[in-house]
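This briefing introduces the structure to a reader who has not met it before. It begins with the contacts to DNA and then turns to the sheets and helices.

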Amino acid sequence: MNYPTIYALADCNHFYVSCERAFNPSLENKPVAVLSNNDGCVVALSPELKRLGVTRGTPWFKIKHLIKEHDIKIFSSNYTLYADMSFRVMTILERFTPDLELYSIDEAFLNFSGLNEPDFNRYGSTIRSVVRKYTGIPVSVGIAPTKTLAKLANRIAKKNGSGVFCIDNEQVRRKVLQRTGVDHIWGIGSRYAAKLRKRGIDNALQLSLVDDDKIARDMTIVGVRMVNELRGIPCSEESCSRLQDSDDIAWKKKASSFNTSYRDEPRKSIVSSKSFGRPVSKYRELQEALYCYCDTALKKLRDQGSVAKRITVYLTTNPFRNEPQYANYREAVLPGYSAYPPDFTEPAVKMLKSIYRKGFRYKKIGVMINDIILQEEAPIDIFDTAYIDDQRSDIMDCVDKINSRWGKGTVHFAGLGIKRRWEMRRQHLSPKYTTSWKELLVVKA
DNA sequence: TCTGGGGTCCTAGGACCC
DNA sequence: TCTGGGGTCCTAGGACCC
């Protein structure tokens, strides 16, 4: 392969469905759907269900009538199971490259640049069969000189049935671009796609021939990077740094004029919110949920070793219902950086009280944590002890340790409540096969 | 007829992803 | 009865400062 950089994108096929199938073989060859939180809409579906004309995002009550007729199997999202299966898949992928970048729960980029491998098609097939053998999950592998092209290659790999596709020369690259409609390019959503089609740009090849200035005007620098990736010029940050040790001047020059950030850095904002399983009107229950979401968000904050200073609270009624609507939010800035729940819940409750209006049926409440920095970067404040130096962080270390040893929620702050009548609906949940002793798969002798 | 210019910080909003 | 949740990045425009 004659490119200075080479990436593979390994993407699990209909991942959530595959996780369910891995423990329940009777689901093979059947139409299967996995639903979003609250069993709201379809987020993952098997090819058999796709063939019935169902698409991702369809509200599930709209396909309910098909269930009996076609024997559709329905599952609520079982994130505990999916996260654990994801971990297993990623651990195996790590064997095939010194440089693995997790991109989402079901896909990862493998950097193959500089790898001494004569046959990438064969290498891709090996990856597929090893992952399948050890986890039961089918993956597709797309290989190309840039991440954006690897995405396109992956799409072809999924379609052509072999599960592997490699863009390894200019002729193939052009052919692929020509056959890819603009709405199937990574980074182009429905808005941009419509705009481009209006201008007579229908496929990726046409787009790759438009000059940078025009692209920049419509799609900002983000679009320019994406189009260059289509041309085979890598524009992601580590691709750029990798190019520095390469000799290819032309690529280096081009790539250095862009830079983007795909990385494993701490989050810059953390959101915790969920729709309620049923409408909630009572202030008391909203407050209980608020405490709970604060708790989740701050746990994430501590897990990444960060502290934060800003919290937003918002609530809203259900816009799909024909009834009085209300939505509002408030934001508070803390006196200092912290990761201690009471520092956040106190202003959060005040804000909730100020935006709460009686008489509405609320659908959703949420918190957002912003202004996040690493603990060690927190400025020293002469009027206030830093979170990291005082008892608050010791308390939280202790709480986090107990909960990770004895299970989530073993110790918690009093506001969380115990009734949880607002909790989400999950009527079709499968067992936590791999993470709970009580729910292990039982094999009959 | 004329109204300084440039830097920085903040926020809202628009686009995208899985 | 019933329409997900959690993220990212970029830009424009206003406020403020010197």
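A polar contact is taken here as a pair of N or O atoms within 3.5 Å. In this predicted model, one such pair joins a phosphate oxygen of DNA strand B to an N or O atom in the side chain of Tyr 329, at 3.3 Å. The surroundings of DNA strand B and DNA strand C are described below, followed by two open sheets, one of three strands and one of four.

**Surroundings of DNA strand B**

- DNA strand B is surrounded by 15 residues, of which Ser 104, Lys 151, Gly 189, Arg 191 and Tyr 192 are the closest.
- Among the atoms of DNA strand B within 4 Å of the protein, 100% belong to sugar or phosphate.
- The side chain of Arg 191 places an N or O atom 2.5 Å from a phosphate oxygen of this DNA strand.
- Gly 189 makes its approach through the backbone: one of its backbone N or O atoms lies 2.8 Å from a phosphate oxygen of DNA strand B.
- Strand E5 (100-104) and helix H8 (190-198) each supply at least two residues of the surface near DNA strand B. Helix H8 gives the most, with three residues.
- Sorted by class, this surface holds six nonpolar, four polar and five charged residues.

**Surroundings of DNA strand C**

- There are 27 residues around DNA strand C, and those that come nearest are Val 271, Ser 273, Ser 275, Arg 321 and Lys 363. Of the atoms of DNA strand C that come within 4 Å of the protein, sugar and phosphate account for 74%.
- Two side chains with an N or O atom beside a phosphate oxygen of DNA strand C are those of Ser 269, at 3.1 Å, and Lys 364, at 3.4 Å.
- Ser 36 has a polar side-chain atom 3.0 Å from a sugar or linking oxygen of DNA strand C.
- Helix H10 (212-230), strand E9 (270-280) and strand E12 (362-374) each supply at least two residues of the surface near DNA strand C. The largest share, six residues, comes from E9.
- The classes represented on this surface are seven nonpolar, nine polar and eleven charged residues.

**The four-stranded sheet**

- Four strands form an open sheet in the order E9-E12-E10-E11, with antiparallel pairing. Its edge strands are E9 and strand E11 (327-338), each of which pairs on one side only.
- From one strand to the next, the twist of this sheet averages 15 degrees.
- Within the sheet, strand E10 (residues 306-317) and E12 pair in the antiparallel sense over eleven bridges. Ala 308 stands opposite Ile 372 in E12.
- Helix H13 packs on this sheet and touches E9, E10, E11 and E12, its direction making about 155 degrees with that of E9.
- Helix H14 also packs on the sheet, touching E10, E11 and E12; the direction of H14 makes about 155 degrees with that of E11.

**The pair of helices H13 and H14**

- The axes of helix H13 (residues 283-303) and helix H14 (residues 341-355) come within 10 Å and cross at roughly 145 degrees. The crossing of the two helices is right-handed.
- On the H13 side, the residues in contact include Tyr 283, Leu 286, Leu 290 and Leu 298, while those on the H14 side include Pro 341, Phe 344, Val 349 and Leu 352. The residues of this contact divide into eleven nonpolar, two polar and two charged.

**The three-stranded sheet**

- Three strands form an open sheet in the order E3-E2-E4, with mixed pairing. Strand E3 (42-45) and strand E4 (73-76) each have a single partner strand, so one side of each is left without a neighbour in the sheet.
- The twist of this sheet averages 25 degrees from one strand to the next.
- Strand E2 (residues 32-35) pairs with E4 in the parallel sense over four bridges, and Val 32 stands opposite Lys 73 in E4.
- Helix H1 (residues 15-23) packs on the sheet and touches E2, E3 and E4; the direction of H1 makes about 115 degrees with that of E2.

Conventions. Residues are numbered from 1 along each chain as its sequence is written. Chains are lettered from A and ligands numbered from 1 in the order in which they are written. This is a predicted model: local features need pLDDT of at least 70, side-chain atom pairs count only at pLDDT 80 or more; totals for chains, interfaces and linings use all residues. Side-chain values use heavy atoms; hydrogens and water are left out. Two strands pair if DSSP finds at least two bridges between them. Axes are lines fitted to C-alpha atoms, for helices over the stretch in contact, and angles run from 0 to 180 degrees between N-to-C directions. Contact means heavy atoms within 4.5 Å. A residue is near a molecule or strand if one of its heavy atoms lies within 4 Å of it. A polar contact is a pair of N or O atoms within 3.5 Å; within protein, one must be able to donate a hydrogen and the other to accept it, and residues adjacent in sequence count only if both atoms are side-chain atoms. Ala, Val, Leu, Ile, Met, Phe, Trp, Tyr, Cys and Pro count as nonpolar, Asp, Glu, Lys and Arg as charged, and the others, Gly among them, as polar. A crossing is left-handed if the near helix is turned anticlockwise from the far one by less than a right angle, and right-handed if clockwise.
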